[in-house]
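Here are my notes on the model you passed along. Have it open while you read, as the points jump around the chain.

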Amino acid sequence: MEPSSAAAEAATCNGKKRKLVTPTAQENVKRLKTVPDGGETPECGRSSRSPRISVLPDRLQQPIALNELTELLHYAALGKTGGLKQPSWCRLLHQKRIKAMNVVMVEGLTESHFYKHYLALQHLRTNYSTWVSFTPSSTDLPSGIFSSEVPDSEGPPLSQRHNENSELDKELRIHPVIIRFGTKIKGLTAYVLPQAEMIRRHFPVKGMPGFEEFVSTDTVDCLTDHSPLYGLDCEMCLTEKGYELTRVSLVDSDGNCVLDQLVKPQNRILDYVTRFSGITAAMLQPITTTLRDVQVKLRTLLPSNAVLVGHSLNNDLIALKLIHQHVIDTSLLYRREFGQRFKLKVLAETVLKREIQTEEKEGHDPTEDAAAALELAQYFIKIGPRQVVELHMEELWGYTIVEESADSAPAPPPRPSPTPSRRFADLLQTLGRSVVYIGKRSDMALDLSHQHWHNSDQEVLSSFRRQAKCPFLSVLRFSSYADHLKRHFPGQEQQYQRQVCANLRDMCVVFAGPFPAGFSEKQVRRLFRCCGPVRKIKMLNTTVRVHAEVEFELLEGAVLALKALNGLNMQGHSIKVQRPVHESMLDLDLTLDALTSDGLNSSHLYVVKLSPSMAKWMAVSKAKVNGHTLGTNCIGIEAVQVNGEGLQSTTTSKLSEESIRDTFGRFGTVERVILPAKPGHARHAYIKFESSEEKRAALSSFEDLWKENYLVCPSLTPPHLPSWVSMTTANTPEDPDKDAAADDDRERTHMHTGSQEQETDLMLRKLDRRLKKLFRSLPECTLSVVVLLGHNSAHGLLPGLCFMEVKEGS
């Protein structure tokens, strides 16, 4: 026996001491799992009421598509309150605690890219506990998410369930004005935009990027319902530097004009836009007033507690390069469905019964427009949102409300009310939940105020982190990697896929030998399948020796073969089992360490059941397993010849969930046993313990398990993928010519090195860091989804990968 630790020797050769050692390991597990005051285990670090997501075991091997992703998002947003059921393919616990949803789509990146650059993508592989393959979609992902139809459900509309005003009729209850402002009459302070909404609506706000050169008015922090209102409107013309101010009007609370000033733009005018502005070259020719002059006048005229009122007022303040803290925007008071806005002309005609911006006038009169906006705000504040809606429902929003009373005559049938949209983005906005898209320009039915277009990933990340408040649903598009692939690997998606698959196959391959003369492929298969299912055997015969190339279906099979079969004595000769010597194997040890420690595998164990005869033969051969030496002196059995019982009988025994739970339950709670597709023929399995400590306890008892005919090793294969090379199984060559061609392809892929590959790795590390920064900026209880989109080409689908996690608090 080779040297080993005293504890290992005691556990192996002394029955009494072994009984003392094993329970101690199990007691340590139980002690680690126990936290005073009913707390959670250190392993999970979660509150029992925290939201969490997991994929159903029978769906781990099947990819999801866009419709299944939207099914999850719908349920996460609306849940059972919205009449929705749990998604068919996963489970989201404590859905009501979800505060936001963030979806990041990474263009150009496939599942193969992820596994080839596995070490570079540390954040993705360590901070997301749920992975599942993703089928590329012909539909643009952001458009598919925002435009997806939420299934209708029985019972009252969603908006009714989220609004407490039970006395309102159905049509009134789901009205956007009522949802935003309620039904009661309130003072003007209830309608002043909070700073967060000002930022979201692109108002100039002090301290925000882009407004460094803007002038701030002197305002107090606190307002009252008696603060004065001032109407404001501006006209602009097009110059070399964009739109610049040409006229500004300000009216006071009584409608008196206190400022009406033409302004000379600083830059050369390209278009006076006379049709809208009413400004001509002749009007501006004698004007010397500058933007700076107007800013000084406004700062002088406006009291410190003034509230500015306008229609789409953010545009006027940007033209003035003016920051004012307290504003009311009439386009946001008289709200339409789905973020649309009424024109000022329409509101003035309908509500004030006044015509403005008529065709006989050349351009708009800013004084007239400022006064109209002011009166609209005063009217809304005076009569309250409910009466505004009831009085103008048909004229503005296109349908009526009919309320019957006991003593009234039968009312005529009402006009049919429009069916509320079931589009996801529309429904969220109707419920007062914000949505935003950030990334390259995309063709989608989403209001432009909710879209921010950027080309670089850094700009996308910065734009999202500048949001004053995290939107309820945010969809971000990272496209830099796709641009990199187009520059450096144009049209090489399939070749890149073959390269990755060849590398993954290499990880599942071992070379073994020399075997005794006449040793057959069938005997090699019988020997090596004791470590796991074998996909292919290739005999390598020379005039003197017999070797074999063994390709396992599972990465664990190759790892276990190196530990269990290397040094096995066959007819007096020791066989050697080793990895192929390829470029792709250089970082293998680092990859295996990462796989073992990653969250997906931290509590998983791989196990195979040996036949009794195989176990005895390995013992006689003094096989070195997991660094220990197992000898006959420990169990007192006789040697078995190589051509005898050891290989003539089946090398493995069948496994059942019941037997696994009986054997491994002593180490802790076995949460799940994952058997192959045909459980009746299962000879290997994955075990998921409740904690990683329980898994380590099982691994430390390797010798005891070996005596019960079990071989175990840490789980390495991600649970959603039974084999890293399964995607290529259907295309495995069968005839020698194709086999040779495949070997040539493999050789070419192994030779593919250089600065481009290093640049790709560095770029993916940078992408991973940005995803990490984004994840850190998300609020607690946010459902975070990262989708590697995969690729849909004329040669077939290259699957992507979907990562899901609910962010926990620190």
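The points below cover the ground rules, the cores, the salt bridges, the positive patch and some backbone oddities.

1. Ground rules. This is a predicted model, where local features need pLDDT of at least 70 and side-chain atom pairs count only at pLDDT 80 or more, while totals for chains, interfaces and linings use all residues. Numbering runs from 1 along each chain as its sequence is written, and side-chain values use heavy atoms, with hydrogens and water left out.

2. Cores. I'd start inside. The largest nonpolar core (buried Ala, Val, Leu, Ile, Met, Phe, Trp, Tyr and Cys residues joined through side-chain atoms within 4.5 Å) has 51 residues. Among those with the most contacts inside it are F515, F528, F552 and F664. A second, separate core holds 45 residues, including I64, A76, L84 and V435. Buried here means under 20% relative accessible area, exposed over 50%, and partly exposed in between, with a 1.4 Å probe and protein chains only.

3. Salt bridges, overall. The whole structure has 20 of them, counting a side-chain nitrogen of Lys or Arg within 4 Å of a carboxyl oxygen of Asp or Glu.

4. D218 with R299. These two side chains meet at 3.6 Å, N to O. The pair ties together distant parts of the chain, 81 residues apart: D218 sits in the loop between β5 (215-216) and β6 (229-239), R299 in helix α13 (residues 291-301). Helices (H or I, at least four residues) and strands (E, at least two) are DSSP runs, numbered from the N terminus. D218 counts as exposed because its relative accessibility is 53%, whereas R299, at 32%, is partly exposed.

5. R354 with E375. The closest N and O atoms of this salt bridge are 2.4 Å apart. R354 is in the loop between α16 (344-352) and α17 (366-397), and E375 is in helix α17, 21 residues away along the chain. R354 is partly exposed at 26%, and E375 is partly exposed at 29%.

6. K688 with E671. Here the closest N and O atoms are 2.8 Å apart. The bridge runs between strand β26 (residues 684-689), which holds K688, and strand β25 (residues 670-674), which holds E671. K688 counts as buried, at 18% relative accessibility, while E671 is partly exposed at 41%. Elsewhere, R180, E197, R201 and R335 are joined into one network by salt bridges that share partners.

7. Positive patch. Which residues gather in a patch of positive charge on the surface? They are R465, K766, R769 and K773. A patch takes residues with over 30% relative accessible area and no salt bridge, with like charges joined within 9 Å and nonpolar side chains (Val, Leu, Ile, Met, Phe, Trp, Tyr) within 5 Å. Helix α31 (residues 755-777) supplies the largest share, three residues. R769 lies in that helix and is partly exposed at 49%.

8. Backbone oddities. Worth a look by eye: the peptide bond from G513 to P514 is cis, with omega near -5°, and P514 lies in strand β16 (residues 509-515). K321 is not a glycine, yet has a positive phi of about 50°; it sits in the loop between α14 (313-320) and β11 (322-323) and is partly exposed at 36%. C781, also not a glycine, has a positive phi near 60°. C781 is in the loop between α31 and β28 (782-788), and counts as buried at 15%.

Technical notes
Accessible areas come from the Shrake-Rupley method with a 1.4 Å probe; for residues, only the protein chains shown count as cover. Lys and Arg count as positive and Asp and Glu as negative; His and the chain ends are not counted. The place of a charge is taken as NZ of Lys, CZ of Arg, CG of Asp or CD of Glu.
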